[in-house]
Amino acid sequence: MVVSSGPLNPKTASYEFNGISGVLGITFGLPLLCVVLNQMIRPDFYIVGLFTNLDIAELWNHIKPLKWYLTNKELWTYYLTWFGVLALFDVLLPGNTIDGVELRDGTKLPYKINGIALTSTLLATLTVRWQLTKGEMPELQYLYENQTDLCIITVIFAFVMAFFLYAASFIPLAHKNGKETRERILSVSGNTGNPVYDWFIGRELNPRLGPLDLKLFCELRPGLLLWFLINVACLHHHYLATGEVNNAILFVTLAQGFYVFDGVLNEEGCLTMMDITTDGFGYMLAFGDLALVPFTYSLQARYLSVSPITLSRPYLAFLSSTMALGYYIFHSANKQKSDFRQGKLPHLKSIDTKRGTKLLCDGWWGISQHMNYFGDWLISLSWCLATGFQTPLTYYYSLYFAALLVHRQQRDEHLCKIKYGDDWHRYESEVPYKIVPYVY
Ligand code: NDP
């Protein structure tokens, strides 16, 4: 059992992301980057154009005033229907219920695991729509044509949702048949008392709306599945425009589809991720999950829908092998830690800690502290390489992901040093490399 000392909700003493200035920079800078990248995926911007035709005014011409977005019924209907129907599916579709990790008050939250039912329902709906519309799929065309506007709507949604989450974190929870109330469990990193910072990081650890766990839902459903749907919309657009499907966009759609559904179906594994166990649910995760993931991770497919390329068989084999290697490392490292923590691999070398949990320093976890991140990054590289070498824009994903993973490793290290104290230093002397062996 994990023993917690001190009050239920300790004050957060240190600021991440360079404090308020960093938080404000990310809050406004990353949405701008999403919009600009979507606007820039145009043939006249590739390589030469990127440096010579970069007309900021022209990019901005496509963006309407904020009021237009706030009052656009059509865009909001599409987005809220998507979000709402998935939320209903999450609550209503059948699945087993399992407990999450132990919280600071000694309780565990129940989570419904119904990714298989959800995936089957989504794929069946797409198939039926394909049959009914004879391949026209107007919703996919709408998604393709209005991608930047939908991206802006999603950012606004994340922004507003974070305000509600922040406000709700101050309302005590009903307890014991509504007769008593109890304090909500707050995030150890989002309880500074500074409203801007706590709104950004997320004050409450596991906000729920009735049976719906908002953080896990947003992490695994509306954003990830929208990423897949945008890719399918790009593939569909390319097919309608040319009457054929090039192998590069097919590779990207299938490979990313596999990755998305692997995530959607790995609900149980997600319960031990830092996002669920440590971070609060605020603007950072809401924006990342709902807007950044679907609208920037899909840039390769968007690029290939306007600039189709045909990959040679050996190159395609090389990309598939890179992805398979990355996936093998990513998946088996995560599984090894999970199995070890469940007591299934007692023969592996580990360090006993004062905290009560063991730190594995064998297998993947003896090669570097986060080989799982390295595998994940290799996967991202295989997708970017599928876009050829016409533009650096489609390499955004690998570059951004590398920065995200390094930052994530540093955040995790900071938290592990607090959690494990001297034991973490012993672990670091056993396993010195952070992510890439012999490099970092
Ligand atoms: P990890 O799976 O590496 O988990 C880190 C936690 O595991 C630590 O806080 C610690 O928690 C425990 N731990 C660390 N070292 C050891 C060890 N040697 N032995 C046993 N336990 C250890 O990181 P994440 O949760 O960040 O990531 C999970 C996966 O999600 C990764 O594969 C990552 O690539 C992926 N990911 C993908 C993203 C995307 O956008 N595609 C974004 C973020 C992550 P404790 O001891 O308290 O249990």
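## Ligand surroundings

In this predicted model, an oxygen atom of the ligand lies 3.2 Å from an N or O atom in the side chain of Asn372. Two further side chains are placed in a comparable way. For Lys337, the distance from a side-chain N or O atom to an oxygen atom of the ligand is 2.8 Å. For Tyr420, the corresponding separation between a ligand oxygen and a side-chain N or O atom is 2.3 Å.

In total, 25 residues surround the ligand. The closest of them are Arg341, Asp376, Arg408, Asp412 and Tyr420. Tyr420 therefore appears both in this closest group and with an N or O atom of its side chain within 3.5 Å of a ligand oxygen, the cut-off for a polar contact. Arg408, also in the closest group, returns below as a partner in a salt bridge with Asp275.

## Domain organisation

The domain assignment divides the protein chain into domain 1, residues 19-301, and domain 2, residues 311-440. Taken over C-alpha atoms, the centres of domain 1 and domain 2 are 24 Å apart. Domain 1 contributes 29 residues to the contact, and domain 2 contributes 30.

About 2700 Å² is buried between domain 1 and domain 2, and carbon and sulfur atoms account for 70% of this area. On the side of domain 1, Phe251, Tyr259 and Met274 provide 25% of the area buried against domain 2, more than any other three residues.

## Polar and charged links across the interface

Two salt bridges are counted between domain 1 and domain 2. Arg408 and Asp275 form a salt bridge in which the closest N and O atoms are 2.4 Å apart. Across the interface of domain 1 and domain 2, seven residue pairs are in polar contact, with both residues of each pair at pLDDT 80 or more.

The elements that give two or more residues to the face of domain 1 touching domain 2 are α1 (19-40), α12 (247-265), α14 (274-277), α15 (283-297) and α16 (299-306). The largest share of that face comes from α12, with nine residues. By class, the side of domain 1 that touches domain 2 holds 20 nonpolar, six polar and three charged residues.

## The segment before α1

Phe17 is located in the segment before α1, as is Asn18. Both have a positive phi in a residue other than glycine: phi is near 55° for Phe17 and near 60° for Asn18.

Beyond its neighbours within four places in sequence, Phe17 is in contact with Gly22, Val23, Ile26, Phe200, Ile201, Met284 and His407. Among these partners, His407 falls within the bounds of domain 2, residues 311-440. The C-alpha atoms of Phe17 and Tyr197 are separated by 9.8 Å, although their positions lie 180 residues apart along the chain.

## Salt bridges in the model

The count for the model comes to 18 salt bridges. One salt bridge joins Asp339 and Lys335, with 2.8 Å between the closest N and O atoms. Asp339 and Lys335 both belong to helix α17, residues 313-341, where they are four residues apart, about one turn of the helix.

Key: Residues are numbered from 1 along each chain as its sequence is written. Side-chain values use heavy atoms; hydrogens and water are left out. Domain bounds come from an automatic or database domain assignment. Contact means heavy atoms within 4.5 Å. Buried area is the accessible area (1.4 Å probe) that two parts lose on being put together, summed over both. A salt bridge is a side-chain nitrogen of Lys or Arg within 4 Å of a carboxyl oxygen of Asp or Glu. A polar contact is a pair of N or O atoms within 3.5 Å; within protein, one must be able to donate a hydrogen and the other to accept it, and residues adjacent in sequence count only if both atoms are side-chain atoms. Ala, Val, Leu, Ile, Met, Phe, Trp, Tyr, Cys and Pro count as nonpolar, Asp, Glu, Lys and Arg as charged, and the others, Gly among them, as polar. A residue is near a molecule or strand if one of its heavy atoms lies within 4 Å of it.
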